[in-house]
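Trainee: Can you take me through this fold? I have the sequence and the structure open.

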Amino acid sequence: MIHFTHDIDWINPAHVFAWIKCISQHKYWVNPRHLLNKNLFVNNIANVCKINESNQINATWFIGAQHQNQYKRFGLRYTVHDKLYQNIIELLAQYNADVGLHSVKYESIQNQLQLLQTYYKKTITKHRSHYLKYNHKTLSEDLAQTTIKTDFTLGSARQITLAPSNNNLGIRQTPTVLFDNVFFFKNPDLIFQELKSTLDLAASKKQEVAICFHPENFLILPEMQAHYQRVILLAKEYPTLF
Ligand SMILES: [Zn+2]
(Lines give C-alpha, C1' and ligand atoms only; values in the text may rest on other atoms or scores of the structure.)
Protein backbone atom coordinates (compact mmCIF):
# COMPACT_ATOMS: atom_id res chain seq x y z
CA MET A 1 0.00 0.00 0.00
CA ILE A 2 1.06 3.59 -0.62
CA HIS A 3 -0.01 5.68 2.35
CA PHE A 4 -0.66 9.34 1.66
CA THR A 5 0.27 11.27 4.79
CA HIS A 6 0.34 14.86 6.02
CA ASP A 7 2.17 16.26 9.04
CA ILE A 8 0.37 19.09 10.80
CA ASP A 9 3.22 21.37 11.86
CA TRP A 10 1.34 24.67 11.77
CA ILE A 11 -2.08 25.70 13.01
CA ASN A 12 -1.70 29.24 14.30
CA PRO A 13 -0.33 31.92 11.91
CA ALA A 14 0.11 34.29 14.88
CA HIS A 15 2.70 32.01 16.53
CA VAL A 16 5.93 33.93 17.09
CA PHE A 17 7.93 31.33 15.13
CA ALA A 18 5.66 31.84 12.12
CA TRP A 19 6.86 35.46 12.06
CA ILE A 20 10.48 34.59 12.78
CA LYS A 21 10.45 32.30 9.73
CA CYS A 22 9.43 35.30 7.57
CA ILE A 23 12.92 36.59 8.22
CA SER A 24 15.03 33.49 8.76
CA GLN A 25 13.56 31.26 6.02
CA HIS A 26 11.53 33.62 3.86
CA LYS A 27 12.27 31.71 0.64
CA TYR A 28 10.62 28.61 2.06
CA TRP A 29 7.79 30.21 3.94
CA VAL A 30 4.40 31.81 3.45
CA ASN A 31 3.98 35.43 2.48
CA PRO A 32 3.86 37.52 5.70
CA ARG A 33 0.72 39.29 4.42
CA HIS A 34 -1.08 35.94 4.45
CA LEU A 35 -0.11 35.33 8.08
CA LEU A 36 -2.54 38.07 9.07
CA ASN A 37 -5.37 35.68 8.24
CA LYS A 38 -5.83 33.74 11.47
CA ASN A 39 -7.56 30.88 9.64
CA LEU A 40 -4.82 30.54 7.03
CA PHE A 41 -3.62 27.08 8.07
CA VAL A 42 -7.02 25.72 9.08
CA ASN A 43 -8.57 26.72 5.74
CA ASN A 44 -5.59 25.30 3.90
CA ILE A 45 -5.89 21.95 5.70
CA ALA A 46 -9.59 21.94 4.76
CA ASN A 47 -8.52 22.52 1.16
CA VAL A 48 -6.12 19.55 1.23
CA CYS A 49 -8.91 17.39 2.72
CA LYS A 50 -11.07 18.37 -0.29
CA ILE A 51 -8.28 17.56 -2.76
CA ASN A 52 -7.92 14.11 -1.14
CA GLU A 53 -11.65 13.53 -1.20
CA SER A 54 -11.90 14.36 -4.91
CA ASN A 55 -9.03 11.93 -5.60
CA GLN A 56 -10.48 9.23 -3.30
CA ILE A 57 -7.38 9.37 -1.13
CA ASN A 58 -7.87 8.36 2.49
CA ALA A 59 -4.85 10.16 3.90
CA THR A 60 -3.34 9.85 7.36
CA TRP A 61 -2.96 13.14 9.22
CA PHE A 62 -0.21 13.26 11.84
CA ILE A 63 -0.99 15.81 14.52
CA GLY A 64 0.83 16.66 17.74
CA ALA A 65 -0.57 16.88 21.24
CA GLN A 66 1.19 18.93 23.89
CA HIS A 67 -0.02 21.06 26.78
CA GLN A 68 2.60 23.79 26.52
CA ASN A 69 4.52 25.54 23.79
CA GLN A 70 8.20 24.63 23.88
CA TYR A 71 10.19 27.29 22.11
CA LYS A 72 12.85 24.85 20.96
CA ARG A 73 14.45 24.58 17.55
CA PHE A 74 12.57 21.40 16.68
CA GLY A 75 9.54 22.15 18.79
CA LEU A 76 5.91 21.95 17.81
CA ARG A 77 4.27 25.33 17.19
CA TYR A 78 0.88 24.73 18.80
CA THR A 79 -0.77 23.23 21.86
CA VAL A 80 -4.03 21.38 22.43
CA HIS A 81 -5.31 24.52 24.19
CA ASP A 82 -5.19 26.68 21.06
CA LYS A 83 -8.71 27.44 19.87
CA LEU A 84 -7.62 26.58 16.34
CA TYR A 85 -6.52 23.11 17.51
CA GLN A 86 -10.13 22.30 18.28
CA ASN A 87 -11.10 23.54 14.80
CA ILE A 88 -8.59 21.16 13.20
CA ILE A 89 -9.81 18.24 15.32
CA GLU A 90 -13.39 18.97 14.27
CA LEU A 91 -12.37 19.27 10.64
CA LEU A 92 -10.55 15.92 10.69
CA ALA A 93 -13.50 14.30 12.48
CA GLN A 94 -15.86 15.71 9.87
CA TYR A 95 -13.85 13.90 7.16
CA ASN A 96 -13.57 10.83 9.41
CA ALA A 97 -9.84 11.20 8.80
CA ASP A 98 -7.28 8.64 9.76
CA VAL A 99 -5.24 10.38 12.47
CA GLY A 100 -1.78 9.52 13.79
CA LEU A 101 0.40 11.02 16.52
CA HIS A 102 3.08 13.51 15.46
CA SER A 103 5.30 13.30 18.52
CA VAL A 104 8.02 15.56 19.84
CA LYS A 105 11.04 13.99 21.45
CA TYR A 106 11.12 15.99 24.70
CA GLU A 107 7.86 14.61 26.12
CA SER A 108 6.77 11.04 26.76
CA ILE A 109 5.07 9.44 23.75
CA GLN A 110 2.58 7.77 26.06
CA ASN A 111 1.47 11.15 27.45
CA GLN A 112 1.22 12.77 24.01
CA LEU A 113 -0.80 9.81 22.72
CA GLN A 114 -3.19 9.89 25.65
CA LEU A 115 -3.70 13.61 25.17
CA LEU A 116 -4.42 13.20 21.45
CA GLN A 117 -6.87 10.38 22.15
CA THR A 118 -8.67 12.62 24.63
CA TYR A 119 -9.22 15.14 21.87
CA TYR A 120 -9.75 12.91 18.83
CA LYS A 121 -11.73 10.31 20.82
CA LYS A 122 -10.46 7.39 18.77
CA THR A 123 -7.73 4.84 19.33
CA ILE A 124 -4.59 6.04 17.57
CA THR A 125 -2.43 3.34 15.95
CA LYS A 126 -0.05 5.35 13.73
CA HIS A 127 2.93 7.53 14.55
CA ARG A 128 5.56 9.79 12.96
CA SER A 129 8.15 11.83 14.87
CA HIS A 130 8.17 15.59 14.23
CA TYR A 131 11.23 16.55 12.12
CA LEU A 132 12.04 12.82 12.15
CA LYS A 133 13.79 13.58 15.46
CA TYR A 134 13.56 10.81 17.99
CA ASN A 135 15.49 8.76 20.45
CA HIS A 136 16.89 5.92 18.29
CA LYS A 137 17.51 3.72 21.31
CA THR A 138 14.05 3.87 22.82
CA LEU A 139 11.52 4.75 20.10
CA SER A 140 10.38 1.16 19.39
CA GLU A 141 10.23 0.36 23.10
CA ASP A 142 8.23 3.52 23.80
CA LEU A 143 5.81 2.81 20.96
CA ALA A 144 5.45 -0.84 21.97
CA GLN A 145 3.99 0.29 25.29
CA THR A 146 1.15 2.11 23.53
CA THR A 147 -1.66 1.39 21.04
CA ILE A 148 0.65 2.38 18.15
CA LYS A 149 1.04 -0.39 15.58
CA THR A 150 2.76 1.40 12.67
CA ASP A 151 5.56 3.95 12.69
CA PHE A 152 6.18 6.21 9.68
CA THR A 153 9.35 7.92 10.95
CA LEU A 154 11.80 6.06 8.70
CA GLY A 155 12.92 8.05 5.69
CA SER A 156 14.80 11.14 4.65
CA ALA A 157 13.37 14.62 4.20
CA ARG A 158 16.05 15.32 1.60
CA GLN A 159 16.30 12.08 -0.40
CA ILE A 160 13.88 9.86 -2.26
CA THR A 161 14.76 6.49 -0.87
CA LEU A 162 13.36 3.22 0.40
CA ALA A 163 14.88 3.02 3.86
CA PRO A 164 15.37 -0.57 5.04
CA SER A 165 12.77 -1.32 7.67
CA ASN A 166 12.62 -3.94 10.35
CA ASN A 167 9.67 -4.69 12.51
CA ASN A 168 10.66 -4.30 16.09
CA LEU A 169 8.71 -5.29 19.20
CA GLY A 170 5.50 -5.61 17.17
CA ILE A 171 5.79 -2.13 15.68
CA ARG A 172 5.62 -2.18 11.90
CA GLN A 173 7.89 0.36 10.22
CA THR A 174 6.50 1.85 7.04
CA PRO A 175 9.22 3.92 5.36
CA THR A 176 8.34 7.29 3.89
CA VAL A 177 9.86 7.40 0.40
CA LEU A 178 9.03 11.00 -0.50
CA PHE A 179 8.79 14.18 1.55
CA ASP A 180 7.43 17.16 -0.38
CA ASN A 181 10.33 19.35 0.82
CA VAL A 182 12.45 17.95 -2.03
CA PHE A 183 10.38 20.02 -4.47
CA PHE A 184 12.00 23.14 -3.01
CA PHE A 185 15.46 22.25 -4.22
CA LYS A 186 15.31 19.52 -6.84
CA ASN A 187 14.14 19.33 -10.44
CA PRO A 188 10.59 17.87 -10.49
CA ASP A 189 11.28 15.57 -13.47
CA LEU A 190 14.26 14.13 -11.65
CA ILE A 191 12.12 13.69 -8.52
CA PHE A 192 9.48 11.76 -10.46
CA GLN A 193 12.14 9.60 -12.11
CA GLU A 194 13.58 8.71 -8.69
CA LEU A 195 10.13 8.22 -7.17
CA LYS A 196 9.16 5.84 -9.95
CA SER A 197 12.23 3.66 -9.47
CA THR A 198 11.70 3.70 -5.68
CA LEU A 199 8.08 2.63 -6.08
CA ASP A 200 9.18 -0.08 -8.56
CA LEU A 201 11.54 -1.38 -5.88
CA ALA A 202 8.84 -1.23 -3.18
CA ALA A 203 6.38 -3.07 -5.48
CA SER A 204 8.94 -5.81 -6.21
CA LYS A 205 9.41 -6.29 -2.45
CA LYS A 206 5.68 -5.90 -1.72
CA GLN A 207 6.79 -3.22 0.76
CA GLU A 208 4.22 -0.72 2.01
CA VAL A 209 5.47 2.85 1.79
CA ALA A 210 4.33 6.36 2.60
CA ILE A 211 4.43 9.74 0.91
CA CYS A 212 4.33 12.92 2.97
CA PHE A 213 3.08 16.35 1.91
CA HIS A 214 2.98 19.17 4.46
CA PRO A 215 -0.22 21.17 4.01
CA GLU A 216 1.50 24.55 4.44
CA ASN A 217 3.77 23.80 1.47
CA PHE A 218 0.70 24.11 -0.76
CA LEU A 219 0.63 27.75 0.36
CA ILE A 220 4.35 28.31 -0.11
CA LEU A 221 5.09 26.74 -3.49
CA PRO A 222 2.45 27.53 -6.13
CA GLU A 223 3.29 24.35 -8.09
CA MET A 224 2.96 22.06 -5.05
CA GLN A 225 -0.64 21.11 -5.72
CA ALA A 226 0.23 20.09 -9.30
CA HIS A 227 3.15 18.01 -7.97
CA TYR A 228 0.78 16.35 -5.49
CA GLN A 229 -1.69 15.49 -8.27
CA ARG A 230 1.17 14.06 -10.32
CA VAL A 231 2.28 11.89 -7.36
CA ILE A 232 -1.31 10.61 -7.02
CA LEU A 233 -1.41 9.76 -10.74
CA LEU A 234 1.92 7.94 -10.49
CA ALA A 235 0.78 6.04 -7.38
CA LYS A 236 -2.27 4.81 -9.27
CA GLU A 237 0.09 3.06 -11.69
CA TYR A 238 0.88 0.67 -8.84
CA PRO A 239 -2.39 -1.20 -8.27
CA THR A 240 -0.67 -3.73 -6.03
CA LEU A 241 0.55 -0.93 -3.79
CA PHE A 242 -2.20 1.67 -4.17
ZN1 LIG B 1 6.49 17.79 11.80
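Mentor: We will go through the sheet, then a helix, the core and one further residue.

Mentor: This is a predicted model, where local features need pLDDT of at least 70, side-chain atom pairs count only at pLDDT 80 or more, and totals for chains, interfaces and linings use all residues. Residues are numbered from 1 along each chain as its sequence is written.

Trainee: OK, the sheet. What is the order of its strands?

Mentor: The order is β6-β5-β4-β3-β2-β1-β8-β7, an open sheet of 8 strands with parallel pairing. Strands (E, at least two residues) and helices (H or I, at least four) are DSSP runs, numbered from the N terminus. Two strands pair if DSSP finds at least two bridges between them.

Trainee: And which strands stand at the edges?

Mentor: β6 (172-173) and β7 (176-179) do; each has a single partner strand, so one side of each is left without a neighbour in the sheet.

Trainee: How do strands pair in general, through what?

Mentor: Strands of a sheet pair through backbone hydrogen bonds, either parallel or antiparallel.

Trainee: How many bridges join β2 to β3?

Mentor: There are 4, and the two strands run parallel. F62 is opposite G100 in β3. Between β2 and β3 the chain passes through helix α4 (residues 83-94), and this β-α-β crossover is right-handed. Right-handed means that, with the strands pointing away from the viewer, the path from the first strand over the helix to the second runs clockwise.

Trainee: What about the other partner, β4? How many bridges there?

Mentor: β3 pairs with β4 (residues 126-129) over 3 bridges, in the parallel sense. L101 has H127 in β4 as its bridge partner, and H102 has R128. β3, α5 and β4 also make a right-handed β-α-β unit.

Trainee: Are the faces of β4 covered or open?

Mentor: Both are covered: K126 and R128 on one side, H127 and S129 on the other, all buried. Buried means 20 or more other C-beta atoms within 10 Å of the residue's own; exposed means 12 or fewer, partly exposed is in between, and C-beta atoms are placed from the backbone. In β3, 5 of the 6 residues are buried.

Trainee: Now α5. Which of its residues are buried?

Mentor: I109, Q112, L113 and L116. They cover an arc of only 100 degrees around the axis, which puts them on the same side of α5. The arc is that of the directions from the helix axis to the C-beta atoms.

Trainee: What covers them?

Mentor: The cover includes β2 (60-63), β3 (98-103) and α6 (139-144). Just after α5, K121 takes a positive phi of about 60 degrees.

Trainee: Different topic: the largest nonpolar core. Which residues touch the most other members?

Mentor: I11, W61, I88 and I211, out of 55 residues. Helix α3 (residues 40-54) gives the most to this core, with 6 residues. A nonpolar core is a set of buried Ala, Val, Leu, Ile, Met, Phe, Trp, Tyr and Cys residues joined through C-beta atoms within 7 Å.

Trainee: What is I88 in contact with?

Mentor: Leaving aside neighbours within four places in sequence, I88 is in contact with I8, I11, V42, I45 and I63. Contact means that the C-beta atoms, placed from the backbone, lie within 7 Å.

Trainee: Last one, F192. Where is it?

Mentor: F192 is in helix α7 (residues 188-204). It counts as partly exposed because it has 17 C-beta neighbours inside 10 Å. Leaving aside neighbours within four places in sequence, F192 is in contact with R230 and L234.

Conventions
Contact = placed C-beta atoms within 7 Å.
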